[in-house]
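Q: I'd like a close look at one spot in this model, and then a walk through whatever surrounds the topic. Take your time and keep it chatty.

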Amino acid sequence: MNIRKLVKSGLSSYTVALPKDWIDKNHLKKGDMIYITETPDNELSIKLDPNNKEQIRTEVVINIDGKSGHSIYREIVSVYLTEFQRFIIKGTNIHKQIKEIKKIVSSLPALEVVEESLTKVVARSFLDVHNISIKDLIRRIDNIVRAMLLDLQSLIKREITHDVIIERDEEVNRLSFLVFKILKSAFHHPDVMKSLDLTDLEAVSHWQLVFHLEKMGDETKRIARNIGENPKSINKKQLQSLIDTMYKGYTNCLTLFYKKDLNGSDNFSANRKKIFIECDKYFITNRNIVNSEISGKFKGMTSHLIDITKLVRFLP
């Protein structure tokens with residue numbers, strides 16, 4: 001809460017200083033119009049001019065000279081998560097990296113290449129953050145991770161290849177970046193948060209949830225690679241049982257999150273040792289490097305589930 005003192009201004013009015021962080025967050029400047037209305041509760045409500053959209057920077061230049069492919073990827077993604085709408089990617093030898101750059105751009109939702117030449121690639125974001133449902137996006141990510149876990153069973157039976165699961169993980173990554181971009185905009189702009197129908201705490205909770213879901217997708221992908229590349233090293237029957245336990249734990253945990261079930265989340269956290277014990281049992285009876293990695297990754301996934309239950313308890 002900010003406390004301000006009234007200052008008499010002229011014969012018939014008073015002035016009060018507005019918090020600078022609120023001014024900066026809403027990109028206001030001297031001369032901008034704001035609207036003050038009195039509520040039935042005898043409070044004053046301050047709103048921005050609905051006809052005066054915020055002026056934000058729309059264009060950014062990314063110079064890739066002397067940068068590795070990994071650095072270029074991280075910089076493009078970093079800029080994607082901001083509010084820039086037009087990306088100008090320049091480089092002396094950009095024609096040698098054009099294929100990889102276009103692949104990065106295509107991996108980011110609502111971002112498209114609109115121009116390219118021997119010296120630059122121009123991409124534009126067509127995203128409208130006001131007209132997207134964060135909750136629907138999270139459900140899509142959740143459903144893909146569930147499918148990935150079920151696909152592990154099909155992979156063991158040789159019904160699919162591990163490439164199928166890797167492709168699903170790429171979609172999880174795309175949607176995760178989209179959620180992060182929208183929520184980041186919401187944290188900076190109250191009108192976006194309002195259009196998403198989220199409170200600040202809900203936005204934090206959703207950000208953390210997607211972070212953990214994306215990490216679980218990564219772990220599932222790595223387990224799929226272990227299985228696909230080393231089919232003779234695994235114990236199919238025991239591993240199928242372990243996957244089934246993880247899938248049930250995952251679906252139960254996410255149900256608790258959606259229902260905001262405090263007691264259920266506490267019970268899930270208290271019983272987490274059962275999953276850890278089954279992971280250890282699988283490795284102890286099948287000792288080799290591959291199964292050690294698989295067991296460790298399932299333990300990592302369990303830790304992410306426990307962190308999701310903390311969101312239910314600590315960010316209600």
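Does D197 count as buried or exposed, and at what relative accessibility?

A: Bear in mind that this is a predicted model. D197 counts as exposed, because its relative accessibility is 62% and the cut-off for exposed is over 50%. You'll find D197 in the loop between α6 (190–195) and α7 (200–229). Its backbone deserves a look too: D197 isn't a glycine, yet its phi is positive, at about 60°. As background, most residues other than glycine have a negative phi.

D197 has some company there. A110 isn't a glycine either, and its phi is positive, near 65°. A110 is in a loop as well, the one between α3 and β7. With a relative accessible area of 31%, A110 is partly exposed, because that class covers the range between under 20% and over 50%. Then there's N42, which takes a positive phi near 65° in the hairpin of β3 and β4, where five residues sit between the strands. The hairpin's strands, β3 (residues 34–38) and β4 (residues 44–48), pair in the antiparallel sense over five bridges. T37, for instance, has S45 in β4 as its bridge partner.

A110's loop leads on to a sheet. Four strands make up this open sheet, in the order β5-β6-β8-β7, with mixed pairing. At the edges stand β5 (59–63) and β7 (111–116), and each has a single partner strand, so one side of each is left without a neighbour in the sheet. From one strand to the next, the twist averages 25°. β5 and strand β6 (residues 86–90) run parallel and are joined by five bridges; if you want a pair to click on, I62 has I89 in β6 as its bridge partner. Helix α3 (residues 98–106) lies across β6, β7 and β8 (120–125), and its angle to β7 is about 150°.

Now for the helices. Helix α4 (residues 134–156) packs with α8 at an angle of about 170°, and the axes are 9 Å apart. The pair is therefore roughly antiparallel. On the α4 side, residues making the contact include I138, V145, L149, L152 and I156. The α8 side contributes, among them, L239, I243, M246, Y250 and L254.

Staying in α8, have a look at F257, which is placed in this helix. F257 is buried, with a relative accessible area of 10%. If you skip its neighbours within four places in sequence, F257 is in contact with S205, H206, L209, I308, L311 and V312. L155, by contrast, is 102 residues away from F257 along the chain, and their C-alpha atoms are separated by 29 Å.

Helix α9 (residues 262–270) shows its own split between inside and outside. Its residues G264, S265, F268 and S269 are buried. They cover an arc of only 135° around the axis, which puts them on the same side of α9. N263 and A270, on the other side of α9, are exposed. What do the buried residues of α9 pack against? They pack against α8 (236–259) and α11 (289–314). At the start of α9, there's a neat detail: a side-chain oxygen of D261 reaches to within 3.3 Å of the backbone nitrogen of N263.

That brings us to α11, where V290 lies. V290 counts as buried, at 11% relative accessibility. Not counting residues up to four places away in sequence, V290 touches N226, N230, S233 and I234. C279 is 11 residues from V290 along the chain, and 13 Å separates their C-alpha atoms.

Back to your starting point, then: D197 is exposed at 62% relative accessibility, and it has that positive phi of about 60° without being a glycine. Set beside it, F257 is buried at 10% and V290 is buried at 11%.

How values were computed
Residues are numbered from 1 along each chain as its sequence is written. This is a predicted model: local features need pLDDT of at least 70, side-chain atom pairs count only at pLDDT 80 or more; totals for chains, interfaces and linings use all residues. Side-chain values use heavy atoms; hydrogens and water are left out. Buried means under 20% relative accessible area, exposed over 50%, partly exposed in between (1.4 Å probe, protein chains only). Helices (H or I, at least four residues) and strands (E, at least two) are DSSP runs, numbered from the N terminus. The arc is that of the directions from the helix axis to the C-beta atoms. Contact means heavy atoms within 4.5 Å. A polar contact is a pair of N or O atoms within 3.5 Å; within protein, one must be able to donate a hydrogen and the other to accept it, and residues adjacent in sequence count only if both atoms are side-chain atoms. Two strands pair if DSSP finds at least two bridges between them. Axes are lines fitted to C-alpha atoms, for helices over the stretch in contact, and angles run from 0 to 180 degrees between N-to-C directions. Angles under 35 degrees count as roughly parallel, over 145 as roughly antiparallel, 65 to 115 as roughly perpendicular and the rest as oblique.
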